[in-house]
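I wanted to look up how the strands pair and what fills the nonpolar interior, and I kept these entries as I went.

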Amino acid sequence: MPDPAPSRFQVALARVRVPLMWAAAAALLAGYAGLPWWIGWTLLAVALAVYLRLGTVRCAPRLLRPPVRGRWMALTSPVDAVPSQGTHAYGQTHALGLVAEDGTRPDIGWRPLSRPPEDFPAFGRPVRAPADGIVVTVHDRRRDHRSRNSWPWLFGAVVENTLRELRGPAGLLGNHVIVDIGGAYVLLGHLQRGSITVRPGERVEAGRPIARCGNSGACTEPQVRMQLMDHRRPLLAAGLPFLWEPGWNGTTDDAGLPETWRPFDVPAGHDCSGTGYPESDQVRRT
């Protein structure tokens, strides 16, 4: 049986992960002022190992509910790779990236270089709270940019995302909501600007529509980012494992998560909690 909580070592790595990268960058710049270059390069090697690969949290997963309804597909999933985003930074170790897949979603190609977000079926779709909890963070200032789903844009995504990271976690995660679910924090990211209907301190129930899918942050197309963390601040958070509750796709009695590149269906009106929030395009403001 996995441990019920991450180890102290895993948590410690999470807390120093991003500051360690900053320290490595500062040490390299200090090389021009006389600091031995080997110090900066050694620190950078250690920082990259911690940032990208070290510190995988292996503990008992929390059971949550899907934040979407209808037919979707995972672009990234911890079912196939951990860390699922290629990095542990910002609590992303076990993150899901979900896109709507109804047969009209544009595929990657050489032309056009980019598309407006409205060309994608996920854009504007309701995003729901995966568990009961209290909202602790709302970020709703990032614009919804055009897609990056062409080969030329994808080749330049590394540089673009590096620049986005200079803005802090919101540069990568886009507009997002973080909910305290008791002992952990669930983050929903890449939300549509102006669509978030909750505010910090507000209590939400599982299944309640709280925002719409957008194309903000470091994403190639409109999608929903879902991740679980041990800290309310992504900058210091360790990513935690989670599963969707039994019956999440209407065909299995087991808890699980979607695999990458395999479309799945969350039944319309699916609501394990019985709160009765309908499947509709209406996201009510409070």
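I began with β7 and β10, which run antiparallel and are joined by five bridges; strands here are DSSP runs of E of at least two residues, numbered from the N terminus, and two strands pair if DSSP finds at least two bridges between them. Within this pairing I noted Met226 in β10 as the bridge partner of Leu188.

For the record, this is a predicted model, in which local features need pLDDT of at least 70 and side-chain atom pairs count only at pLDDT 80 or more, while totals for chains, interfaces and linings use all residues. Residues are numbered from 1 along each chain as its sequence is written, and side-chain values use heavy atoms, with hydrogens and water left out.

I then turned to β6, which is antiparallel to β7 and joined to it by five bridges, with Asp180 opposite Tyr185 in β7. The two strands form a hairpin with four residues between them, and Gly182 in the turn has a positive phi of about 90°.

Is β7 enclosed or open? I found that seven of its seven residues are buried (under 20% relative accessible area, 1.4 Å probe, protein chains only), so β7 is largely enclosed by the rest of the structure.

Last, I looked up the largest nonpolar core (buried Ala, Val, Leu, Ile, Met, Phe, Trp, Tyr and Cys residues joined through side-chain atoms within 4.5 Å), which has 39 residues, Leu98 and Trp244 having the most contacts inside it. Among the elements giving two or more residues to this core are β6, β7 and β10. A second, separate core of seven residues includes Tyr185 and Met229.

Methods: Buried < 20%, exposed > 50% of the residue type's maximum accessible area, 1.4 Å probe, protein only.
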